[in-house]
Amino acid sequence: MYQLNERVSALFNKTKNCTLSTNGEYPNTIVIMFKEINAQGEILLCDVFMNKTLANLEKDAHVSVVVYEGLEGYQIKGTARWTDDADLVAAGNAKTSQFGLKTKGVMIVTPESAEVLTPGPEVGKSL
């Protein structure tokens, strides 16, 4: 499996939000606040309001996750699957409940590639 490099992982863990884009009948992009990278290097995204996203996922499992802060940014491309695994949902609820929200499930993104979005000579470079 493709492994995110340290720069991308560090920024992902540091930022409060990332964006998730899916493609189905209509493209859809959402902001994700409850996120983490697990020990296997997969990206875990808590599903609180992913209705359009899940409909798109049924048609096309390819996704894009963008993480950025200021001008530094990276696009992670991969495939996603949704789960309602009790342990993952409980871990998600530990994050979302403080905002009065409930985790319905978790989207697990398996990274396949990453590229630089930061303006400059490396923009578009694969990592």
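Let's start with helix α3, on the side where D87 and A94 are exposed. Keep in mind that this is a predicted model. Now turn to the other side of α3, residues 86-96: the buried residues there are V89, G92 and T96. Looking down the axis of α3, these buried residues fall within an arc of 60°, so they line one face of the helix. If that spacing puzzles you, here is the general idea: an α-helix has 3.6 residues a turn, so residues three or four places apart point the same way.

What covers the buried residues of α3? The cover includes β4 (43-47) and β7 (105-116). And at the start of α3, a side-chain oxygen of D85 comes to within 3.1 Å of the backbone nitrogen of D87.

Those two strands bring us to the sheet. It is an open one of 7 strands, paired antiparallel, in the order β2-β1-β5-β6-β7-β4-β3. At the edges stand β2 and β3, each with a single partner strand, so one side of each has no neighbour in the sheet. From one strand to the next, the twist averages 30°. For a pair to look at, try β5 and β6, joined by 8 bridges; V66, for example, has Q75 in β6 as its bridge partner.

Last, the inside. The largest nonpolar core has 23 residues, and F12, L20, I43, L45, V65, M107 and V109 have the most contacts inside it. Which strand gives the most to this core? That is β7, with 4 residues. Take L20 as well: beyond its neighbours within four places in sequence, L20 is in contact with several residues, including I30, L45, V65 and M107. Thanks, everyone!

Methods
Residues are numbered from 1 along each chain as its sequence is written. This is a predicted model: local features need pLDDT of at least 70, side-chain atom pairs count only at pLDDT 80 or more; totals for chains, interfaces and linings use all residues. Side-chain values use heavy atoms; hydrogens and water are left out. Buried means under 20% relative accessible area, exposed over 50%, partly exposed in between (1.4 Å probe, protein chains only). The arc is that of the directions from the helix axis to the C-beta atoms. Contact means heavy atoms within 4.5 Å. A polar contact is a pair of N or O atoms within 3.5 Å; within protein, one must be able to donate a hydrogen and the other to accept it, and residues adjacent in sequence count only if both atoms are side-chain atoms. A nonpolar core is a set of buried Ala, Val, Leu, Ile, Met, Phe, Trp, Tyr and Cys residues joined through side-chain atoms within 4.5 Å. Two strands pair if DSSP finds at least two bridges between them. Axes are lines fitted to C-alpha atoms, for helices over the stretch in contact, and angles run from 0 to 180 degrees between N-to-C directions.
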